[in-house]
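Work through the exercises below with the model open. Try each task before you read its solution.

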Protein chains: 2
Amino acid sequence: MSEPRWLTPDQSEVWAKYRRVRRELQRAQDQQLQRDSGLSAADYALLAPLSESPDGVLRARELGAEVGWERSRLSHQISRMEKRGLVTREACADDARGSMVRLTEKGREAIEAAAPAHAENVQQLVFDPLTPDEVRIFGDVLDRILGAVERNSR
Amino acid sequence: MSEPRWLTPDQSEVWAKYRRVRRELQRAQDQQLQRDSGLSAADYALLAPLSESPDGVLRARELGAEVGWERSRLSHQISRMEKRGLVTREACADDARGSMVRLTEKGREAIEAAAPAHAENVQQLVFDPLTPDEVRIFGDVLDRILGAVERNSR
DNA sequence: ACCAGGTTGTTGACATGTCACCGACTTCAC
DNA sequence: GTGAAGTCGGTGACATGTCAACAACCTGGT
């Protein structure tokens, strides 16, 4: 093996800043959601695609693909949300292995109550501090990194 | 209350991309670390500042400040790493409330074995796909967001 | 029809993170 | 000095995430 490619000081700084934003932004959003609506970020992540689908029903597989979660994590989270009355499980007509997840009335009320404050929070923390040019380049940067990560995992 | 400030389609796309990068990049790094060195990302996060400090010792408070963790999370993680022989706890001479965390020989070997591959991974996934200009602007963007988050939590 | 191999969702064990609280100690105003 | 208030680290209960294994089912070639 050749000499390791250590990070330069500039790179280290950017990398540390990225990890800090990841941590602090996540924390800020968890707290805002919990405080204003009693929902966790995980709850919100599942409720959002459900509320946008016709009849508030999605096959578990589709829901998992929407949020990019593994099946196990999804199943556990659905169980917890089912216990709190936010969603229900139903059999899948097409495929007897499958399972459908349905938004309850309570679940719909919860997401609709939470959405405006959540959107305002994202605006304030992410988009208000950026110029339109920066938003565009930020999107490009994310695309490039995502491409590298996907190439990496294949 | 006035009309909620919903995200525009462009904003939604950038925001979804950010969450995806957060998730996939984290997953890629967890797996690389675990596979190549048997360390978790949490292990690495604590071992790195410890290995850079003189004698491999830091007061728990300092270590917590370095990584930006709460005291409870830090304490639990140190307990787990102590059990695996990566660090030890010692009394703090200056302040009887305090507790010092010391890297063991095994801990130092682990971080030194893990560091080169981890650096290479960050280079490949984050910096290789970006131009120097993009890296600079990415840093600015992170600064702006961090500023907004900090203003928000005070 | 059959069955080998892939898919789907669930479960239990375990690792990790959060929260509320405590006990010991330090700091500071008086 | 002394007491109130703050700081520090740790703990237990619980929420969340990961992993390996499983049962049930679908799909394709034969």
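**Exercise 1. Contacts to DNA strand C**

How far is a phosphate oxygen of DNA strand C from an N or O atom in the side chain of A:Arg59?

Solution. First, the ground rules. This is a predicted model, in which local features need pLDDT of at least 70, side-chain atom pairs count only at pLDDT 80 or more, and totals for chains, interfaces and linings use all residues. Residues are numbered from 1 along each chain as its sequence is written, chains are lettered from A and ligands numbered from 1 in the order in which they are written, and side-chain values use heavy atoms, with hydrogens and water left out.

Step 1. The distance for A:Arg59 is 3.3 Å. Pairs of N or O atoms within 3.5 Å are polar contacts; within protein, one atom must be able to donate a hydrogen and the other to accept it, and residues adjacent in sequence count only if both atoms are side-chain atoms.

Step 2. Add chain B. The side chain of B:Arg73 has an N or O atom 2.8 Å from a phosphate oxygen of DNA strand C. B:His76 addresses a base: a polar side-chain atom lies 3.2 Å from a base oxygen of this strand.

Step 3. Find the elements. Helix H3 (60-67) and H4 of chain A, together with H4 of chain B, each give two or more residues to the surface near DNA strand C. Helices (H or I, at least four residues) and strands (E, at least two) are DSSP runs, numbered from the N terminus. H4(B) has the largest share, 5 residues.

**Exercise 2. The surroundings of DNA strand D**

Which residues come nearest to DNA strand D?

Solution. Step 1. Out of 21 residues around the strand, the nearest are A:Ser72, B:Arg61, B:Arg71, B:Arg89 and B:Arg97. A residue is near if one of its heavy atoms lies within 4 Å.

Step 2. Sort by class. The surface near DNA strand D has 10 charged, 9 polar and 2 nonpolar residues. Asp, Glu, Lys and Arg count as charged; Ala, Val, Leu, Ile, Met, Phe, Trp, Tyr, Cys and Pro as nonpolar; the others, Gly among them, as polar.

Step 3. Look at the DNA side. Sugar or phosphate holds 57% of the strand D atoms within 4 Å of the protein, and bases hold the rest.

Step 4. Pick out pairs. B:Arg97 places a side-chain N or O atom 2.7 Å from a base oxygen of DNA strand D. For A:His76 the distance to a base oxygen is 3.2 Å. A:Ser40 faces the backbone, 3.4 Å from a phosphate oxygen.

**Exercise 3. The sheet of chain B**

What is the strand order of the open sheet in chain B?

Solution. Step 1. The order is E1-E3-E2, with antiparallel pairing. Two strands pair if DSSP finds at least two bridges between them.

Step 2. Identify the edges. Strands E1 (57-59) and E2 (87-91) of chain B each pair on one side only.

Step 3. Check one pair. E1(B) is joined to E3 (residues 99-103) of chain B by 3 bridges. B:Leu58 stands opposite B:Val101 in E3(B).

**Exercise 4. Relating the copies**

What turn lays chain B on chain A?

Solution. Step 1. A turn of 180 degrees, with a shift of 0.0 Å along the axis, gives an RMSD of 0.0 Å. Superposition is by least squares on the C-alpha atoms of residues with pLDDT of at least 70 in both copies.

Step 2. The two copies are therefore related as by a two-fold rotation axis.
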